Amino acid sequence: MNTLAAPPRRLLLFVAPVVLLLLVLPSLVEPYETVLLSYGLIFAIAALGFNLLLGYTGLLSFGHSAYFGMGAYGVAFIVKYLKITSMEVFLLGGILASTLVAALFGFLCVRYTRIFFGILTLALSQVLWSLAFKFFWITGGTDGLRVPTPSLLGGQVTMALGKGQDKMDFLAHRYYYYVLVIFCVSVAVMWVIVHSPFGKALQAIRDNETRAEFVGVQVWHYRYVAFLVSGAYTGLAGALWVPLNGLTTPDILVWTFSGKIVFFTVLGGFQTFFGPIIGAVVFNYLETYAVGHTVYWQLVLGVVLVVLVLALPAGIVGTTSRLAGRLRRAA
Amino acid sequence: MDTFVIHLLNALLYASVLFLIAGGLSLIYGVMRIVNLAHGNIYAVGAYTTAWAVGRVLGGAPTVVLYALLPIGAVAAAALGAVLEPTLLRPLYKRAEEYQLLITFGLLLILEDLLRFIWGPYPLSVSALYENPGSLSIGESIYPTYNLAVIVVGGIAAAALWAFVYKTKFGVILRATSQNKRMASALGVNVNRVYVQAFTLGCFMAGLAGAIIVPQQGAVLGMGVDALILAFVVVVIGGLGSLEGALLGALMVGVVREFGIAFFPEIELAVLYLMAAIVLLIRPAGLFGRA
């Protein structure tokens, strides 16, 4: 018996062409499109982490902006105080910073469930926001902190390497592949996590906490570890996001950003593994399109969310697979 | 001493407005078990409507008429609530509470942009109403009379709400529905009607808060989201669903905020959120809440 649950072959048939397409994409489309997709993939990592709590453990956090923001601010502090611009150091620092905060917040939050969990995570994330907002001599206040283009793979790949490469080119090619590799690894690791005995225990807790406890699952302990992993994933996303954006501001710590992470996940469908990924990428296009075409982009997003909740609660992936199942049965 | 009195009055001013907002939020949660993330925007609707209505007729109308126009924001907010509950929220009561939070989050986004669409991106102000009553002297300092009026309105609203919930037949029905919806329904209470009434009342309070504070602060985009977060702190401290809790929470937040801005402005907001987090840790249901 294989301890690491291998994905079923049918799934690989879906995934392989997608990965292939993602690999050749930079040579097919404009750099702008590639950078846009990088944002989507990064948000997808955050959504994957978030969904370990919502979809697999049954805890709705309205404070995941805290971990995304800590990832981003962790990187900005490394640049500001240590003068290091190596991407690997960024990732380590970002994950470390967000995991530390998740360790503290999680310790306080996982005793509660349902609405109290949501409100507590929200309140704690707002503490971080107000600190970032007010301690401007450390965090730059609303101006934020700038993060220069990093060097990748221990300094082997830098912007100066290619002749006449500008920043956009670097982001659209080298950095895109960097993000893509980390994205694929993150997805694979998350797949292993949710299909491991640990992941099964989380699902048992979600479905019936009392029963899980009687079977011998240490509910508090499992929830805490899930919280840590979730925070680390979201922090990783924040660390990847900040060089792409070039700047981190308190906006990514506000609770409405947490709301967006929830939005991604529900848009894709939180009861499925791939839902949050699809949701994050689609949301990113949707938001970019709405912001580019109208000043009333919030209205567009709000209407989409309301329609989604009322009409398609299973999200894009959930609804599609249900339709596909019905077609297969009919055939 | 004078400065202390003025700080205290300002704290009461914050507390009055916060109580109206948070009391509405808490009432809605207490009866319907829904945390309305769009509640702050309802408050903003009240502020904008009043600012617009008063601004329209400002030229020439006697001041008394203008003050009589103030509550129009509350009426508009209540009407909005009466429309929203049956259309958007009612289909969701049987679903997981995640969806209820999400739909009110969607509503928050929609209302935020509707305000921008209707009244444009610039702040509206009706400062004439604020300046007209002049000011009182307290010792050697002066204090705007309008602020005192807001404090009085807040106090009256709290008393009226208490009387309404604890001394009227409707209040009994409201509390019964809040405690056990199915039992109330079995005893012949029209739960759907109680829900829409409770939601409307909650929105009315938020709208009233917006209406009475707009002469002092003006109406700006984003005011709803800011107010919501403070209202959250209030209800978390006081206990979700408890009106006494909302009153106590509003007073605590008002005092901490006012003295925080005066003495430790850098961490004033952080202290508020930490206060909420600490209360949640010690008493998850809040000081007056029932778990």
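What radius of gyration would a compact globule of 331 residues have, and what is the value for chain A? A compact globule with 331 residues would come out near 20 Å, and chain A has 20 Å, so the two agree. The structure discussed here is a predicted model, with an ipTM of 0.81 and a pTM of 0.84. For chain B, the pLDDT averages 84, and 98% of the residues score at least 70.

The overall build of chain A is a convenient place to start. Its secondary structure consists of 14 helices and two strands. Along the principal axes, the C-alpha atoms of chain A fill a box of roughly 60 × 50 × 50 Å. Buried positions make up 47% of the 331 residues of chain A. Of the contacts in chain A between residues at least 6 apart in sequence, 77% join residues at least 24 apart.

Two helices of chain A make a helpful pair to look at side by side. Helix α5(A), residues 114–134, contains 21 residues and reaches 31 Å from its first C-alpha to its last, close to the 30 Å expected at 1.5 Å a residue. Because 16 of the 21 residues of α5(A) are buried, this helix is largely enclosed by the rest of the structure. Helix α1(A), residues 9–28, has 20 residues that should span 28 Å at 1.5 Å a residue, and its end C-alpha atoms are indeed 28 Å apart. The number of buried residues among the 20 of α1(A) is one, so this helix lies largely in the open. Helix α1(A) also carries a kink of about 30° at A:L22, shortly before the proline A:P26.

The two chains meet through 34 residues of chain B, which are in contact with 32 residues of chain A. On the side of chain B that touches chain A, the elements giving two or more residues are α5 (97–119), α11 (223–238) and α13 (268–282) of chain B. Helix α5(B) gives the most to this side, with 16 residues. By residue class, the side of chain B that touches chain A divides into 27 nonpolar, one polar and six charged residues.

Within chain B, B:I151 offers a closer view of a buried position. This isoleucine sits in helix α7 of chain B, residues 145–167. B:I151 counts as buried because it has 20 C-beta neighbours inside 10 Å. Leaving aside neighbours within four places in sequence, its contacts are with B:L12, B:L13 and B:S16. The C-alpha atoms of B:I151 and B:L9 are separated by 8.2 Å, although these residues are 142 apart along the chain.

Backbone angles single out a loop residue in each chain. A:K83 has a phi near 55°, a positive value in a residue other than glycine. It is found in the loop between α3 (65–82) and α4 (87–109) of chain A. With 7 C-beta neighbours inside 10 Å, A:K83 counts as exposed. In chain B, the phi of B:R33 is near 60°, again positive in a residue other than glycine. B:R33 lies in the loop between α1 (2–32) and α2 (39–57) of chain B. B:R33 is partly exposed, with 15 other C-beta atoms within 10 Å.

Notes
Residues are numbered from 1 along each chain as its sequence is written. Chains are lettered from A and ligands numbered from 1 in the order in which they are written. This is a predicted model: local features need pLDDT of at least 70, side-chain atom pairs count only at pLDDT 80 or more; totals for chains, interfaces and linings use all residues. Two residues are in contact if their C-beta atoms, placed from the backbone, lie within 7 Å. Helices (H or I, at least four residues) and strands (E, at least two) are DSSP runs, numbered from the N terminus. Ala, Val, Leu, Ile, Met, Phe, Trp, Tyr, Cys and Pro count as nonpolar, Asp, Glu, Lys and Arg as charged, and the others, Gly among them, as polar. pLDDT is the predictor's confidence in each residue, from 0 to 100. The radius of gyration is taken over C-alpha atoms; the globule rule is 2.2 Å times the number of residues to the power 0.38. A residue is buried if 20 or more other C-beta atoms lie within 10 Å of its own, exposed if 12 or fewer, and partly exposed in between; C-beta atoms are placed from the backbone. The expected span of a helix is 1.5 Å times one less than its number of residues. The bend at a residue is the angle between axes fitted to the seven residues ending there and the seven starting there.
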